[in-house]
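The following exercises are to be worked with the sequence and the structure at hand. Each task is followed by a solution in steps.

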Amino acid sequence: MKRIILFVLTNVLVVAVLGIVASLLGVNRYLTSNGLNLGALLGFALIMGFGGAIISLLISKPMAKWTSGVRIINQPQNADEAWIVETVRKLSEKAGIGMPEVGIFEGDPNAFATGAFKNSALVAVSTGLLQGMTREEIEAVIGHEVAHVANGDMVTMTLIQGVMNTFVVFLSRVIGYAVDSFLRKGDDRSGPGIGYMITTIVLDIVLGFAAAIVVAWFSRQREFRADAGAAQLLGRKQPMINALARLGGMVPGELPKSVAAMGIAGGIGQLFSTHPPIEQRIAALQQQ
């Protein structure tokens with residue numbers, strides 16, 4: 001969950017910065033004296049949407065290291081670290097990807113994989129996970145993260161986020177222009193009015209939340225696939241089932257303070273959840 005929330009938040013910030021820069025430089029020329037140029041707007045939306053998502057992907061690994069305080073294992077300092085590195089190496093070779101960087105971070109049970117490219121990813125596990133699970137269960141969790149890398153999940157999420165960003169940018173400005181035109185009937189002044197600006201800002205937020213629901217749904221499907229991938233890499237599904245059951249009885253790792261306020265509880269929170277319930281993931285593995 002951590003890597004996806006960080007990715008989405010970074011993406012939102014990057015898109016916002018791109019929008020401000022575009023306005024300052026005057027490159028958002030989709031508003032003309034003759035009205036809204038839909039072709040130019042679509043091009044602008046594509047650049048904004050995919051630009052933000054791609055930049056977020058490219059900086060995902062250093063961002064994850066920084067926010068989680070990951071210590072990269074360049075030279076194992078003990079037998080446990082040597083085992084972790086060797087486990088990642090073994091599973092990566094079996095998955096057909098390059099050896100990722102391997103790291104450890106302090107905190108409650110958690111693990112993640114991130115990176116823009118399959119052959120230069122990062123796999124990191126928390127100290128809480130290492131202390132609270134058996135080696136077989138840890139191996140299953142690592143297999144799950146390696147499967148994410150092998151499946152190209154971060155790239156897939158980037159493409160989905162880019163498409164959603166494009167729709168948000170395009171629709172908010174089309175609707176903003178329509179609202180502004182209605183409010184300024186008989187007004188001969190050129191350029192966007194206050195109605196356009198307010199409507200666009202509000203819709204960027206509202207449609208952004210709707211897009212986040214779609215992205216979260218795709219993320220949940222991706223988790224089922226990574227669970228299955230771990231079972232395939234280990235040659236049996238029971239270790240992954242045991243690891244999920246163990247996680248279900250643990251206190252999950254906390255998010256960094258910078259994104260802690262994004263936590264949502266209750267029924268609506270399920271729409272924004274990047275991971276399915278543990279029970280559903282175990283049931284899906286048992287049915288395979």
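Two strands count as paired if DSSP finds at least two bridges between them. The model used throughout is a predicted one.

**Exercise 1. The sheet and its edges**

Determine the order of the strands in the four-stranded sheet, and state which strands stand at its edges.

Solution.
Step 1. The open sheet has the order E3-E4-E6-E5, with mixed pairing.
Step 2. Strand E3 (71-72) and strand E5 (111-114) each have a single partner strand, so they stand at the edges, and one side of each is left without a neighbour in the sheet.
Step 3. E3 is joined to strand E4 (residues 101-105) by two bridges, and these strands run antiparallel. Arginine 71 has isoleucine 104 in E4 as its bridge partner.
Step 4. At the other edge, E5 and E6 run antiparallel and are joined by four bridges. Here alanine 113 has valine 123 in E6 as its bridge partner.

**Exercise 2. Helices on the sheet and the faces of E5**

Identify which strands helix H3 touches and which strands helix H4 touches; then decide whether the faces of E5 are covered or open.

Solution.
Step 1. Helix H3 (residues 60-68) packs on the sheet and touches E3, E4, E5 and strand E6 (122-126). The direction of H3 makes about 155° with that of E5.
Step 2. Helix H4 (residues 79-95) also packs on the sheet, touching E3, E4 and E6. The direction of H4 makes about 140° with that of E4.
Step 3. In a regular strand, side chains alternate between the two faces of the sheet.
Step 4. In E5, Ala111 and Ala113 lie on one side, and Phe112 and Thr114 on the other. These four residues are all buried, and both faces of E5 are covered.

**Exercise 3. Aromatic pairs**

How many aromatic pairs does a search of the whole structure find, and how is each arranged?

Solution.
Step 1. The search finds two pairs.
Step 2. For phenylalanine 105 and phenylalanine 112, the ring centres are 5.5 Å apart and the planes stand at 35°, so this pair is tilted. Both of these phenylalanines are buried.
Step 3. Tryptophan 217 and phenylalanine 218 form an edge-to-face pair, with 5.1 Å from centre to centre and 85° between the planes.
Step 4. Tryptophan 217 counts as partly exposed because its relative accessibility is 44%. Phenylalanine 218, with a relative accessible area of 34%, is partly exposed as well.

**Exercise 4. Packing of H2 and H7**

Describe how helix H2 and helix H7 pack, and give the handedness of the crossing.

Solution.
Step 1. Two packed helices are described by the angle between their axes and the distance between the axes.
Step 2. Helix H2 (residues 38-58) and helix H7 (residues 153-183) pack at about 145°, and their axes are 8 Å apart.
Step 3. The crossing of H2 and H7 is right-handed.
Step 4. The contact residues of H2 with H7 comprise 18 nonpolar, six polar and one charged.

**Exercise 5. Surroundings of alanine 150**

Which residues are in contact with alanine 150, leaving aside its neighbours within four places in sequence?

Solution.
Step 1. Alanine 150 lies in helix H6 (residues 135-150).
Step 2. With those neighbours left aside, alanine 150 is in contact with Ala95, Ile97 and Lys118.
Step 3. The C-alpha atoms of alanine 150 and serine 92 are separated by 8.2 Å, although these residues are 58 residues apart along the chain.

Terms used:
Residues numbered from 1 in each chain as written. Predicted model: local features only at pLDDT ≥ 70, side-chain atom pairs only at ≥ 80, totals over all residues. Heavy atoms only, no water. Axes fitted to C-alpha atoms, helices over the stretch in contact; angles between N-to-C directions. Left-handed = near helix turned anticlockwise from the far one by under 90°. Nonpolar A, V, L, I, M, F, W, Y, C, P; charged D, E, K, R; others polar. Phe/Tyr/Trp six-rings, centres within 6.5 Å; stacked < 30°, edge-to-face > 60°. Buried < 20%, exposed > 50% of the residue type's maximum accessible area, 1.4 Å probe, protein only. Contact = heavy atoms within 4.5 Å.
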